[in-house]
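Here are a few notes to go with the structure, written as numbered points. Keep the 3D view open and find each piece as you read.

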Amino acid sequence: MGFAKPIEQYLFGNLLTEIQVIMYLKDIIRGKRQMKKSIAVSFAIVSVATAGVLLTGCGSKEKKTEVTVFAAKSLNSVMDELCEKYNSEHPNVTFQTNYDSSGTLMTQIKEGAKCNIFFSAGVSQMDELQAGFDGGDIVEGSRKDLLNNQVCLVTWKGSDTKVTDFSRLSLAKDMALADLTVPVGQYTRKALINAGMAGAEYTEVDQLTDDVISEALWGLLINNCANVGAVASAVAEGANEIGTVYYSDTFGYEDQLEIIEKLPNSLTGDVIYPVAAVEGDNTSDAELEASQDFLDYLQSEEAVKLFEKYHFTVQ
């Protein structure tokens, strides 16, 4: 019996499997010329080949990058869908999402919460972060005023409310109203000032507490809500007679909410949604790269169609 077959005959694509290694060693041992040197050389070759298999296997697994998104509550449904679609095309990028009022999210970021992308329903919250905060900043050049929305006065279907437009709010028994820190609550208060319904002595939004509004509207009871989603739920469930939400928040509530009036921008001002990448002390290069790519995706044709489906207007 001759010497074992050349090792090349056991190779496939320059890689050795465990079975091939065993077969090759058996052939060597059975051979007449069982030279120690040949075996030593064989073991060296096998070691190198096995190491190549291990390294190749490790290199084939692409490391996942998690992007943390803080977005206004009114963006909840559309952002969930957008994140899912993006992930299907980029499986190495996963998302951690946090939805709440823009003011609450801004405070969390300033207090050190990890965030890669901030999508606000108000310009002032983004402006405040862009002015700088301890331990982080808005990534230069990443901000985009992406969306427009519209404030709507709504009631629950079948309420028989006597309120027929914004100027007749005082005819309602009670109203769900977002807090002063919430953009939709700020837009509503601004509309009260611009419509001359708050009293001549009140010219700033932060002056309009719930008590001030209640008094100005002849004792209208105010249900202070933490975010716009809470307003929509309170009215849709009939807990409150009327409330103000964004037009996008009426999506999915078509059978429960009736729009009394879409407030004109002359009363509320422009309802703009800015989005930007956020960089903290511990933000990795991979997170920054993935965040920027996702921001680009939010401006794609596919994303625009989804935003419009949820009643947003893309700038």
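**Notes on a helix, a sheet and two odd residues**

1. Let's start with the length of helix α6, residues 183-194. At 1.5 Å a residue, its twelve residues should span 16 Å, and the C-alpha atoms at its ends are 16 Å apart, so the two values agree. Bear in mind throughout that this is a predicted model.

2. Is α6 mostly covered or mostly uncovered? Mostly covered: nine of its twelve residues are buried. Among them are P183, V184 and G185 at the start of the numbering, and further along you'll find Y187, T188, R189, A191, L192 and I193. Here is a handy bit of background: an α-helix has 3.6 residues a turn, so residues three or four places apart point the same way.

3. Keep going just past the end of α6 and you meet G196, whose phi is positive, at about 70°.

4. Now for the sheet. It is an open one made of five strands, in the order β8-β7-β9-β6-β10, and the pairing is mixed. Which strands sit at the edges? Those are β8 (221-225) and β10 (257-262), each pairing on one side only. On average, neighbouring strands in this sheet are turned by 35° against each other, ignoring direction.

5. Take a look at one pair inside that sheet. Strand β7 (residues 174-178) runs parallel to strand β9 (residues 242-246), and the two pair over two bridges. If you want a spot to click on, M175 stands opposite I242 in β9.

6. What lies across the strands? Helix α8 (residues 228-236) does: it lies across β6 (151-156), β7, β8, β9 and β10. Its direction is at about 140° to that of β9.

7. Next, some backbone angles worth a second look. Most residues other than glycine have a negative phi. D160 goes the other way: it is not a glycine, yet its phi is positive, at about 55°. You'll find D160 in the loop between β6 and β7. Is D160 buried or exposed? Its relative accessibility is 72%, so D160 counts as exposed, the cut-off being over 50%.

8. W218 is another case: this residue is not a glycine either, and its phi is positive, near 60°. W218 is in the loop between α7 (210-216) and β8. With 76% relative accessibility, W218 counts as exposed because exposed means over 50%.

Notes. Residues are numbered from 1 along each chain as its sequence is written. This is a predicted model: local features need pLDDT of at least 70, side-chain atom pairs count only at pLDDT 80 or more; totals for chains, interfaces and linings use all residues. Side-chain values use heavy atoms; hydrogens and water are left out. Helices (H or I, at least four residues) and strands (E, at least two) are DSSP runs, numbered from the N terminus. The expected span of a helix is 1.5 Å times one less than its number of residues. Buried means under 20% relative accessible area, exposed over 50%, partly exposed in between (1.4 Å probe, protein chains only). Two strands pair if DSSP finds at least two bridges between them. Axes are lines fitted to C-alpha atoms, for helices over the stretch in contact, and angles run from 0 to 180 degrees between N-to-C directions. Contact means heavy atoms within 4.5 Å.
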